[in-house]
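Please open the model in your viewer and keep the selection panel at hand. The tour below moves through the empty spaces of the structure and then stops at a single residue.

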Amino acid sequence: MQRRQFLSLSGLGLAGFMLPNAQLIAAEELLAPADVAKKKLLADTVLALAKQGGASYCDVRIGRYLNQAIVTREDKVQNVTNSESAGVGIRVIVNGAWGFAASNQSTPQGVAAAVAQAIAIARANAKIQTKPVQLAPTPGVGEVQWKTPIRQNAMAVPVKDKVELLLSINAAAINAGANFINSQLFLVNEQKYFASSDGSWIDQDVHRIWLPFTATAIDKASGKFRTRAGLSAPAGMGWEFLDGNAADKHQLPGGVVAYGHSYDPVEDAIAAARQARAKLTAPSVKPGKYDLVLDPSNLFLTIHENVGHPLELDRVLGYEANYAGTSFATLDKREAGFRWGSDIVNFTADKTAPYSLGAVGYDDEGVKTRKWDLVKDGILVNYQATRDEVHILGENASHGCSYADSWKSVQFQRMANVSLAPGKTPLTPAQMVKDVENGIYIHGRGSYSIDQQRYNAQFGGQLCYQIKNGEIAGMVEDAAYQIRTPEFWNACSAICDERDFRLGGSFFDGKGQPGQVSAVSHGSATTRFDGVNIINTARSLG
């Protein structure tokens, strides 16, 4: 991967043929994807060479990946990095086996060498492969384009403005009672062109944004400290995500603010500072059985870890094992109608959800994205699969969840946006809390652990409130819930309606060897679970 650091966006450039005379081009033009005709010409060269070399199938990804990260602490800027990577990834099937190669030389000569290498690798793989690759049919879509529907390209916003925003967040938190705060801004723009011998030429421009922070409050007398991280979710949006639209937020029980597709980080930082300080005097939770009320800002991680990951078909089959394990949700369970949760539990996988991190028009195999059921009325009904896996499920069309994090990385099965459907009966979080006699209400992701089969786990949170006789009885500390996946989801007794449905997400989800990262969202409304075991995570030093 080519990588360069630079001080301003005016220094961005493209490799090879893409953008000549870059110094004379305005920032907005410079950030725009390269000319589609030139990318198609290069892709057609690859497809022709692969066919001549004996490939029965070929796909090519011409990619330009822009990343920006700004890191601050209190009144200091700790780091500003910008990276650009551009190149071509080529995948072929020869004699029933896969071969892959990549090049940062976006020229006919550069791709010719990569095609030859991919073909040679496929021929070598074919000698030891026991079964030929079986691709699900994917009709060509011709020439199409898809773009994240942003209003303002965050990459084009001056670094000065971004730094000022982060420092204003930090100042607001310090003024509100935090002793320390660090804040970051992460931006991603993937400019991806895909072409295949099936007859597809797909140009996509994908944007993602995330602004995390952590505020820390200290009791100087005891040395005790507590933190509260930001409660926003990363999004598939532009700079408009940070406009703090007042109409897109509402108050929850306990005084916590919930954000939708618009985020006010200054407001959240002020609340974080005050809540971190309040945590210093909050009593430690008494362990035992509680009815658990989970805000989407917490539940998204549980969905990610014990629904999304165990229903990746490559984990189920054991193809993926070394990086975070396999799955308890084996194929025989689906055949037996395994009860994953109570009747109100419905999980879908969806690569089309607006504002989500995983939203694209087509996956990295040229498959048009869609939504499908994973758990229906509490019963396991499906998994997540790619073109060369889905026949194992008896299906003849890919689910469209193939992804590579770079032009130099081979695409493979990655998690779609996996979400819990909201309840069908009108129900607000306040109404849910009023119906709980003895419970714990949790916001935000905390520390967690999970076993290699995605079966046993425990999860903490940022803010925990005790519920007594339908009322918020105050903040508690050191709480985490212990679960076994099917027992937990079978304890699900109520889900708020679609008015409370919100997305959470993972911006850097790791998988594979060599490791790759992807971004994925998980939606839910506030959800209740009955009789869940709460443990106390405090460690005695005496």
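## The largest pocket

The lining of the largest pocket is made up of 11 nonpolar, 16 polar and nine charged residues. Keep in mind from the outset that this is a predicted model. The space in this largest pocket comes to about 1,200 Å³. To centre the view there, select Trp98, Asp388, Val410, Gln411 and Phe412, which are the closest to the pocket's centre among the 36 residues that line it. Next, colour β3 (97-103), α3 (108-126) and β16 (412-413), the elements that each give two or more residues to this lining. Of these, β3 deserves a separate colour, since with three residues β3 gives the most to the lining of the largest pocket.

## The second largest pocket

Move on to the second largest pocket, whose volume is about 800 Å³. Here the selection to make is Arg226, Ser447, Glu477, Asp478 and Thr537, the closest to the centre out of the 26 residues that line the second largest pocket. Four strands, β8 (224-229), β18 (438-450), β19 (456-468) and β21 (479-484), each supply at least two residues of this lining. Follow β19 in particular, because the largest share of the lining, seven residues, comes from that strand. If you colour the lining of the second largest pocket by residue class, you will find 10 nonpolar, 10 polar and six charged residues.

## The cavities

Now turn from pockets to cavities, of which the structure holds four with a volume of 30 Å³ or more. The largest cavity contains about 150 Å³ of space. Its lining has 18 residues, and those closest to the centre of the cavity, which you can select together, are Lys351, Leu357, Gly358, Tyr403 and Ala519. Show β5 (180-196), β6 (200-210), β15 (402-403) and β24 (516-524) as well, as each of them supplies at least two residues of the lining of the largest cavity. By class, the lining of the largest cavity holds eight nonpolar, three polar and seven charged residues.

The second largest cavity, at about 90 Å³, is the next stop. Select Arg61, Ile62, Gly63, Tyr65, Lys192, Tyr193, Phe194, Ile202, Gln204, Tyr362, Asp363 and Asp364 to display the residues that line this cavity. Two or more residues of that lining come from each of β1 (57-73), β5 and β6, and with four residues β1 gives the most. The lining of the second largest cavity divides into six nonpolar, two polar and four charged residues.

## A last stop at Arg499

Finally, select Arg499, which you will find in the loop between β22 (492-495) and β23 (502-511). Is Arg499 buried or exposed? Arg499 counts as exposed because its relative accessibility is 57%, where the cut-off for exposed is over 50%. Its side chain makes a polar contact with the side chain of Asp497, at 2.6 Å. Apart from neighbours within four places in sequence, the residues in contact with Arg499 are Pro426, Leu427 and Thr428, so these three are worth adding to the view. To set this site against another part of the model, draw a C-alpha to C-alpha distance from Arg499 to Ile181, which lies 318 residues away in sequence and 32 Å away in space.

Conventions:
Residues numbered from 1 in each chain as written. Predicted model: local features only at pLDDT ≥ 70, side-chain atom pairs only at ≥ 80, totals over all residues. Heavy atoms only, no water. 1 Å grid on protein atoms, 1.4 Å probe; cavity = no way out; pocket = protein on both sides within 12 Å on 5 of 7 lines; lining within 4 Å. Points joined across faces, edges and corners; volume = space filled by probe spheres on them. Nonpolar A, V, L, I, M, F, W, Y, C, P; charged D, E, K, R; others polar. Buried < 20%, exposed > 50% of the residue type's maximum accessible area, 1.4 Å probe, protein only. Contact = heavy atoms within 4.5 Å. Polar contact = N/O pair within 3.5 Å; in protein donor to acceptor, adjacent residues only side chain to side chain.
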